[in-house]
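Reader: Please take a close look at one part of this model. Start with a single side chain and its surroundings, then work outwards to the rest of the chain. Keep it brisk.

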Amino acid sequence: MIRITTQKVILHVAIFIIVALLPLVTATQKHAKKIIHECSDHKVLEPSPKLSFQIILHGILLWASMGFLMPIAILVIRMSNKEQNGRRLKMIVYTHASLQILSVLLVAVATIMSVINFENFFDNTHQRLGLALYVAIWLPFIAGIFRPDRGSKNRGVWYAFHWLIGVTVTLLGIVNVYIGLQAYNTKTMKSTSVWNWLFSIEVGVIAFIYLFQEKWQYIKQSGGILGNESVRPTDQEASPTQKKEISPMA
């Protein structure tokens, strides 16, 4: 009963996050159209080779952090849901924590680069959301440090908070990658369609794996049940007692 209630709460929270993201995406599209309109009357930005390299490196770092490592960390920790082997469980938790730490470090480097090299007036969605994500990305990391033991009283509350903030930061990070690509295209008029397509394929694969993990245990159990039902004792596998019963009398 408790498990069903928890699943319903998680489902409702996920729906709330998706609904909350819709106005942001719409606002982002309107903002992009506004910038495009303004650029028609202004000179398009032509960054120097050094600045262009810094912008690309900034984007790669943020993609690696929020667009790749954090989603992978979520997929990894979900492998522990049905894991009974203590050694493998510990390895899964350590891998998840390592990916989270590396993600936070990459975001810190990208943020320092942005502060030093770019003009940050926080007058657009990409910069504002980036600042909010830089603060929020520390919350799952800090929550992981104070993780209660399994079966303890506060484990459920901790899990709900850690899961909610982790998934929210990951989703908003993915959205901000798209916004950053759009901003780069708008400022420099350089095509980013290839990167958009590649990133969309990656997000689709990660989403598919995320959903597949929900059903994998059921598929394994169903396969085991079918396998057990298909096994029938043969004459060669019959026990000595059975052979004695079916053997002809002398």
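Author: Two residues are in contact when heavy atoms of theirs come within 4.5 Å. The model is predicted.

The part to look at is His58. This residue sits in helix α2, which runs over residues 49–78. Is His58 buried or exposed? The cut-off for buried is under 20% relative accessible area. His58 is at 13%, so it counts as buried.

What touches His58? Set aside the neighbours within four places in sequence, and the contacts are Ala110, Met113, Ser114, Phe118 and His126. There is also a polar pairing: a polar atom of the His58 side chain lies 3.2 Å from the backbone oxygen of Ala110.

Follow the contact to His126. This residue is in the list of buried residues of α4, along with Thr125, Gln127, Leu129, Leu133 and Ala136. Helix α4 covers residues 125–136, twelve residues in all. Its first and last C-alpha atoms are 16 Å apart, close to the 16 Å expected at 1.5 Å a residue. A general point helps in reading that list of buried residues. An α-helix has 3.6 residues a turn, so residues three or four places apart point the same way.

His126 also takes part in the start of α4. Asn124 caps the N-terminal end of the helix. A side-chain oxygen of Asn124 lies 3.2 Å from the backbone nitrogen of His126. So His126 has two links to keep in mind, because it touches the buried His58 and its backbone nitrogen pairs with the cap.

Now follow Phe118, another contact of His58. Leu51 touches Phe118 as well, and Asn117 too, not counting residues up to four places away in sequence. Leu51 is in α2, as is His58. The C-alpha atoms of Leu51 and Asn117 are separated by 7.8 Å, although they are 66 residues apart along the chain. Leu51 is partly exposed, because its relative accessible area is 24% and buried requires under 20%.

Go to α3 next, which covers residues 86–117. Ile92 is in this helix. Ile92 counts as buried because its relative accessibility is 9%, under the 20% limit. Its contacts beyond four places in sequence are Val76, Ile77, Met79, Ser80 and Glu83. The C-alpha atoms of Ile92 and Val76 are 6.5 Å apart, with their positions 16 residues apart in sequence.

What lies in the largest nonpolar core? It has 24 residues, and Met66, Leu133, Ile137 and Val169 have the most contacts inside it. Helices α2, α3, α4 and α6 (155–188) each supply at least two residues. Helix α2 gives the most, eight residues. So the helix that carries His58 is also the main supplier of this core, because His58 lies in α2 and α2 gives the most residues.

Val169 shows how the core is joined. Outside its neighbours within four places, it contacts Met70, Leu133, Ala136 and Ile137. Leu133 and Ala136 are both among the buried residues of α4.

Helix α6 has 34 residues, which should span 50 Å at 1.5 Å a residue. Its end C-alpha atoms are 49 Å apart, so the figures agree. Met189 follows α6 and lies in the loop before α7. Its phi is positive, about 60 degrees, although it is not a glycine. Met189 counts as exposed because its relative accessibility is 55%, and exposed means over 50%.

Beyond that loop is α7, residues 193–230, which holds Ile209. Ile209 is partly exposed at 35%. It is 134 residues from Leu75 in sequence, yet 7.7 Å away C-alpha to C-alpha.

Finally, the whole chain. It has eight helices and zero strands. Buried residues make up 31% of its 250 residues. Among contacts with a separation of 6 or more, 74% join residues 24 or more positions apart. The accessible surface is about 17600 Å², with 68% belonging to carbon and sulfur atoms.

An unreviewed UniProt entry lists transmembrane regions at 51–77, 97–116, 128–146, 158–179 and 194–212. In the model, 97–116 is 100% helix, with end C-alpha atoms 29 Å apart. The span 158–179 is also 100% helix, with its ends 31 Å apart.

Conventions:
Residues numbered from 1 in each chain as written. Predicted model: local features only at pLDDT ≥ 70, side-chain atom pairs only at ≥ 80, totals over all residues. Heavy atoms only, no water. UniProt positions renumbered as here; feature names shortened; annotations may be inferred. Helix = DSSP H or I, 4+ residues; strand = E, 2+ residues; numbered from the N terminus. Expected span 1.5 Å × (residues − 1). Buried < 20%, exposed > 50% of the residue type's maximum accessible area, 1.4 Å probe, protein only. Polar contact = N/O pair within 3.5 Å; in protein donor to acceptor, adjacent residues only side chain to side chain. Core = buried A, V, L, I, M, F, W, Y, C linked by side-chain atoms within 4.5 Å. Areas by Shrake-Rupley, 256 points an atom, 1.4 Å probe, with all protein chains shown as cover.
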